[in-house]
Amino acid sequence: MDILIYSPDGKTAAYETGLAEHLPQANIRGWQPGDTAPADYLVLWKPNAEVLQPREGLKAIFNLGAGVDGVLGPHGDGVQRLPAGVPLVRLEDAGMADQMAQYVSAATLRYFRRLDEFEAQQAQRQWKFQKPNRLADFPVAVLGYGTLGAHVARALKTFGFAVRAWSRSERHDDSGIALHHGEAGFDACVSGARVLVNLLPLTPQTVDILDANLFARLAHGAFLINVARGAHLVEADLLTALDSGQIAGATLDVFRTEPLPPDHPFWRAPRVSITPHISALTLRDETVAQIAGKIAALARGEAITGIVDLARGY
Ligand code: NAP
Ligand code: GLV
């Protein structure tokens, strides 16, 4: 079996070694410009058009992340670049759900416990009491109740937050999270929320969803935590909402342009906290184990999970 690995920075050696440990019989190679040779499996992140050219024998394409917008594009038109009939498989958790729960819990608790305000006071050498927030005044809305969103929502619930979540299709469970779905359920999920967490995939339906219209539905002085994709956020609308106080603070891990350009206004916005797309990293050992397990299952003729529905875009 031939496995071809592509990374935009050309650094594929660690994945080659990792996959070889799980699949010792496989011929594994990193992609080089001009490589149009047959491959049974492609393992990639943000591919160029050349690597996606139809390839003899190709059985599946594995995306080295949960979000497939780097393959399909924010408007879904990248689907035309994919070889017809070859399944695109995304990462499912692979150690990202725990990382995401840690990151979002830390950001939510920082706002709830007013640590952002105490940090600002410390910079002024100010010793000043701040009235504690009440859980009852801090409903949290999580957009996306999939692999990551559901795990994050449950983690937040353990701290006593009233958590609501939003998905495309109807979901039921016994988590105690208020579940909403579809366009009809959007308002009930976000209205009056004090913290808004975005964990949606980037699709034509969700691009620009974090906009002035949504911010206006939140509680005054709400907090935004965007850990999904930069193109979900209308950046100018966030800056306006921060100016008006409608949004009191934002924790942003993802941006329309990454790395965030040095002259971007977010760097200077005092109530914007920035991290460089690290909220849930692709962990190599877990990722390699998951992909190798699925390749082995496909080779045995078994069904696998995590196949992207190209019509839905995630
Ligand atoms: P997932 O399992 O596919 O979950 C996606 C969730 O979003 C599902 O609940 C889905 O609804 C919902 N959804 C999709 N389109 C919707 C729409 N139009 N309206 C309402 N709900 C919609 O994905 P995941 O593994 O949790 O990952 C989510 C995203 O996180 C990824 O796509 C990626 O962009 C981002 N991410 C970021 C990082 C980082 O480091 N910053 C790391 C990993 C992932 P259904 O349940 O009905 O399908
Ligand atoms: C990272 O952003 C991912 O989609 O896995």
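Axes are lines fitted to C-alpha atoms, for helices over the stretch in contact, and the angles between them run from 0 to 180 degrees along N-to-C directions. With that convention, this report describes two helix packings, two ligand sites and two backbone features of a predicted model.

**Helix packing**

Two packed helices are described by the angle between their axes and the distance between the axes. Helix H3, residues 96-112, and helix H5, residues 147-158, have axes that come within 8 Å and cross at roughly 45 degrees. H3 and H5 are therefore oblique to each other, and their crossing is right-handed. On the H3 side, the contact is made by Met96, Ala97, Asp98, Met100, Ala101, Val104, Ser105 and Thr108. H5 contributes Thr147, Leu148, His151, Val152, Ala155 and Leu156. By class, the residues of this contact of H3 with H5 comprise 9 nonpolar, 4 polar and 1 charged.

The second packing involves helix H1, residues 13-22, and helix H9, residues 284-299, whose axes come within 9 Å and cross at roughly 50 degrees. That angle makes H1 oblique to H9. The crossing of H1 and H9 is right-handed. From H1, the residues in contact are Ala14, Tyr15, Gly18, Leu19 and His22; from H9, they are Arg284, Thr287, Val288, Ala289, Ile291 and Ala292. The contact of H1 with H9 divides into 7 nonpolar, 3 polar and 1 charged residues.

**Ligand sites**

Ligand 1 is surrounded by 30 residues, the closest of which are Thr147, Leu148, Ser169, Arg171 and Tyr314. Thr147 and Leu148 also belong to the H5 side of the contact with H3. Polar side-chain atoms of Ser169, Asp253 and Ser279 lie at the distances from ligand 1 that are tabulated below.

The residues around ligand 2 are Gly65, Ala66, Gly67, Met96, Arg229 and His277. Of these, Met96 is also one of the H3 residues in contact with H5. Gly67 approaches an oxygen atom of ligand 2 through a backbone N or O atom, whereas Arg229 does so through a polar side-chain atom. For His277, an N or O atom in the side chain is paired with an oxygen atom of ligand 2.

| Residue | Residue atom | Ligand atom | Distance |
|---|---|---|---|
| Ser169 | polar side-chain atom | oxygen of ligand 1 | 2.5 Å |
| Asp253 | polar side-chain atom | nitrogen of ligand 1 | 3.1 Å |
| Ser279 | polar side-chain atom | nitrogen of ligand 1 | 3.0 Å |
| Gly67 | backbone N or O atom | oxygen of ligand 2 | 2.8 Å |
| Arg229 | polar side-chain atom | oxygen of ligand 2 | 2.7 Å |
| His277 | side-chain N or O atom | oxygen of ligand 2 | 2.7 Å |

**Backbone features**

Glu258 and Pro259 are joined by a cis peptide bond, with omega about -5 degrees. Pro259 is located in the loop between strand E11 (247-252) and strand E12 (272-274).

Arg125 is not a glycine, yet its phi is positive, at about 55 degrees. This residue, Arg125, lies in the loop between helix H4 (115-123) and strand E6 (140-143).

Note on methods:
Residues are numbered from 1 along each chain as its sequence is written. Chains are lettered from A and ligands numbered from 1 in the order in which they are written. This is a predicted model: local features need pLDDT of at least 70, side-chain atom pairs count only at pLDDT 80 or more; totals for chains, interfaces and linings use all residues. Side-chain values use heavy atoms; hydrogens and water are left out. Helices (H or I, at least four residues) and strands (E, at least two) are DSSP runs, numbered from the N terminus. Angles under 35 degrees count as roughly parallel, over 145 as roughly antiparallel, 65 to 115 as roughly perpendicular and the rest as oblique. A crossing is left-handed if the near helix is turned anticlockwise from the far one by less than a right angle, and right-handed if clockwise. Contact means heavy atoms within 4.5 Å. Ala, Val, Leu, Ile, Met, Phe, Trp, Tyr, Cys and Pro count as nonpolar, Asp, Glu, Lys and Arg as charged, and the others, Gly among them, as polar. A residue is near a molecule or strand if one of its heavy atoms lies within 4 Å of it. A polar contact is a pair of N or O atoms within 3.5 Å; within protein, one must be able to donate a hydrogen and the other to accept it, and residues adjacent in sequence count only if both atoms are side-chain atoms.
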